[in-house]
Amino acid sequence: MRIKIAVGACLLAITLAWQAALPPELGIFPLVDAQGAATGWWQLRQQALYLSGLWSIGLMALAMVLALRLPWLERPLGGMDQVYRLHKWAGISAALTAILHWGADESSDWIKGLWGRAGRPARDAVLPWLTDARGLAKDLGEMAFYLLLAMVAITLLTRLLAYKPWRFLHRAMPLVFLALTLHTVALMPLTFWTLPLGLLMGTLLALGSLAAVWSLAGWIGRARSHTGRIHAVQVLGDGGAAAPIEVICALPASWPSHRAGQFAFVRFDAWEGAHPFTIASAPGSLGTNAQGEQLLRLVIKPLGDYTRTLGRRLQAGQRVDIEGPYGRFDGRGRRRRQQVWVAGGVGITPFLALLEARQPGATPAPSKLQPVQMHYCTRDAATDPLLPRLRTLCAQAQPPVTLTVHGDAQGQRLRPQDLEATPGPLDIWFCGPQGLGDALHAHASGTRPWRLHRESFAMR
Ligand SMILES: Cc1cc2nc3c(=O)[nH]c(=O)nc-3n(C[C@H](O)[C@H](O)[C@H](O)COP(=O)(O)OP(=O)(O)OC[C@H]3O[C@@H](n4cnc5c(N)ncnc54)[C@H](O)[C@@H]3O)c2cc1C
């Protein structure tokens with residue numbers, strides 16, 4: 001909902017500002033006059049071209065700013081995973097409105113073919129120092145448009161390109177944005193640079209360009225990055241190919257600590273990008289090492305090409321760069337609602353931290369917490385290496401956490417309707433596979449008084 005509101009608000013603000021910049025009489029009607037001149041169609045095309053272009057570059061600027069991972073955006077948007085979702089939807093909407101812009105541009109051939117050139121308005125005056133850059137700006141815009149479409153297509157059709165090469169290509173987006181900024185500045189009519197549209201577009205283009213340069217320079221998240229060491233690594237369970245690893249990291253005094261349920265971007269190798277992992281321990285629960293450095297736990301499942309290699313490559317003493325913490329997945333809801341936690345697979349990690357924060361002697365002492373009904377979905381409850389610890393944490397949690405385990409191998413798959421056995425309005429906190437999350441979302445969005453809080457584990 002917040003994502004639709006944010007994209008809608010951006011489009012509305014640009015539309016209102018554009019409307020304020022229009023002359024009182026646009027001359028759209030009649031579309032074709034008595035002499036057969038398509039003056040109205042030409043005017044319509046012109047304004048559609050401008051408005052769709054403003055929408056597209058405005059949304060791209062929003063996407064660029066969101067890519068900066070600004071922590072103060074987490075509160076209004078509901079967490080950094082939601083900031084990323086908005087970034088993605090702003091990018092998709094920018095591509096869709098760019099298609100409209102391209103369609104409006106191409107429509108000149110159809111109008112010409114049907115009614116001829118008569119009635120076509122003269123070119124609008126642009127910023128005087130960019131009058132000669134018109135041709136270059138148009139070519140740049142067209143190239144950047146094709147690149148933008150290709151990028152959005154490979155983002156959505158995940159099978160077309162694996163995550164790593166996609167991520168590498170995605171780094172070129174700031175260049176596409178800068179090219180489109182030049183296109184906009186060179187071709188936007190001089191009259192649009194007056195208030196309020198000029199101020200709005202000037203601000204969006206300036207912020208977006210700053211964000212693009214920041215991103216190209218590799219400065220995103222640098223101020224929130226802390227260099228630590230791996231304190232200990234162990235493979236959990238049977239040590240098989242699918243076994244998760246537990247990595248304990250020692251962090252310097254500069255680490256601002258975290259809240260249970262948050263995640264961080266973690267880089268073990270200089271050549272590999274940072275990966276997001278939940279901090280699977282409550283603040284202070286692991287104490288400090290001999291040097292007085294804070295310890296925190298990551299539990300990493302070998303879900304992909306890189307994480308599959310970590311078990312044999314990570315060693316105590318190795319450097320680790322941790323950027324964060326981020327996220328607002330705190331497992332707390334309204335007092336009058338029953339709290340329900342649903343974890344699937346490695347989605348258990350934020351709940352491990354939330355459970356540690358409820359243990360006797362936890363600092364700070366838990367306050368204003370409510371009892372919880374917890375559901376844990378696992379492939380095989382008989383061999384799951386995290387389950388014994390989870391049972392202990394639930395048994396000792398204060399206020400209590402009642403655990404129900406759903407093992408696939410035991411034929412105990414959780415269905416959303418199973419949650420109806422819990423009476424009253426529910427606050428459901430979910431972290432796990434996309435399919436289960438979507439099923440819960442579909443069920444919760446009916447007439448039930450349920451509210452679903454979902455930590456998204458996908459950032460593409
Ligand atoms: C907020 C959050 C918290 C997470 N917490 C945990 C956790 O506690 N334990 C755990 O095992 N996993 C966690 N994950 C998932 C973990 O980040 C991915 O499994 C891991 O990055 C996969 O990397 P790979 O190269 O092995 O996989 P690949 O095969 O390269 O990619 C598999 C998928 O992982 C995701 N991914 C890969 N690289 C990155 C990256 N650099 N940044 C963002 N996403 C990426 C993409 O969605 C990709 O499609 C979390 C993800 C998010 C977004």
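Student: Let's start with the lining of the second largest pocket: how do its residues divide into nonpolar, polar and charged?

Tutor: That lining has 16 nonpolar, 8 polar and 11 charged residues. Keep in mind that we're reading a predicted model here.

Student: How do I get from atoms to a pocket in the first place?

Tutor: The general idea goes like this: rolling a probe the size of a water molecule over the atoms shows where empty space is left. In this structure, the second largest pocket comes out with a volume of about 940 Å³. Its lining is made up of 35 residues.

Student: Which residues lie nearest the centre of the second largest pocket?

Tutor: Look for Leu-49, His-101, Asp-105, Lys-138 and Leu-187.

Student: And which elements each supply at least two residues of that lining?

Tutor: Four helices: α2 (39-66), α4 (80-115), α5 (134-156) and α7 (173-187). The largest share belongs to α2, which puts in 9 residues.

Student: Those helices make me think of the record. Which residues does UniProt list for "transmembrane region"?

Tutor: The unreviewed UniProt entry gives 50-68, 89-104, 143-163, 175-193 and 199-220. A record like that can be inferred rather than shown by experiment, so put the spans next to the model's own secondary structure. Residues 89-104 are 100% helix and 0% strand, with end C-alpha atoms 22 Å apart. Residues 175-193 are 68% helix and 0% strand, and there the end C-alpha atoms are 24 Å apart.

Student: What feature does the entry place at residues 1-20?

Tutor: A "signal peptide", again from the unreviewed UniProt entry. In the model that stretch is 95% helix and 0% strand, and its end C-alpha atoms sit 28 Å apart.

Student: Now the backbone oddities. Where are the cis peptide bonds?

Tutor: Check omega. One cis bond joins Phe-29 and Pro-30, with omega about 0 degrees, and Pro-30 is in the loop between α1 (2-20) and α2. Another runs from Leu-195 to Pro-196, with omega near -5 degrees; Pro-196 lies in the loop between α7 and α8 (197-216).

Student: Which residue has a positive phi although it is not a glycine?

Tutor: That's Arg-69, at about 55 degrees. You'll find Arg-69 in the loop between α2 and α3 (74-77).

Student: On to the ligand. How many residues surround the ligand, and which are the closest?

Tutor: Count the residues with a heavy atom within 4 Å of the ligand. Here you get 21, and the closest are Ala-274, His-275, Pro-276, Lys-301 and Thr-307. By class, the shell holds 12 nonpolar, 6 polar and 3 charged residues.

Student: What about polar contacts?

Tutor: For those, take pairs of N or O atoms within 3.5 Å. Tyr-163 has a polar side-chain atom 3.2 Å from a nitrogen atom of the ligand. From the backbone, a polar atom of Gly-304 is 3.3 Å from an oxygen atom of the ligand, and a polar backbone atom of Asp-305 is 3.3 Å from a ligand oxygen atom.

Student: How much of the ligand's surface does the protein bury?

Tutor: Taken alone, the ligand exposes 880 Å², and the protein buries 89% of that. The elements giving two or more residues to the shell are α6 (163-170), β4 (275-278) and β5 (294-300). β4 gives the most, with 4 residues.

Student: Which UniProt domain annotation covers residues 223-332?

Tutor: "FAD-binding FR-type", also from an unreviewed entry. In the model that span is 6% helix and 38% strand, and its end C-alpha atoms lie 29 Å apart.

Key. Residues are numbered from 1 along each chain as its sequence is written. This is a predicted model: local features need pLDDT of at least 70, side-chain atom pairs count only at pLDDT 80 or more; totals for chains, interfaces and linings use all residues. Side-chain values use heavy atoms; hydrogens and water are left out. On a 1 Å grid over the protein atoms alone, a cavity is a set of points where a 1.4 Å probe fits but cannot get out, and a pocket is an open set with protein on both sides within 12 Å along at least five of seven lines; lining residues have an atom within 4 Å of a point. Grid points are joined across faces, edges and corners, and a volume is the space filled by probe spheres set on the points. Ala, Val, Leu, Ile, Met, Phe, Trp, Tyr, Cys and Pro count as nonpolar, Asp, Glu, Lys and Arg as charged, and the others, Gly among them, as polar. A polar contact is a pair of N or O atoms within 3.5 Å; within protein, one must be able to donate a hydrogen and the other to accept it, and residues adjacent in sequence count only if both atoms are side-chain atoms. Accessible areas come from the Shrake-Rupley method with a 1.4 Å probe; for residues, only the protein chains shown count as cover.
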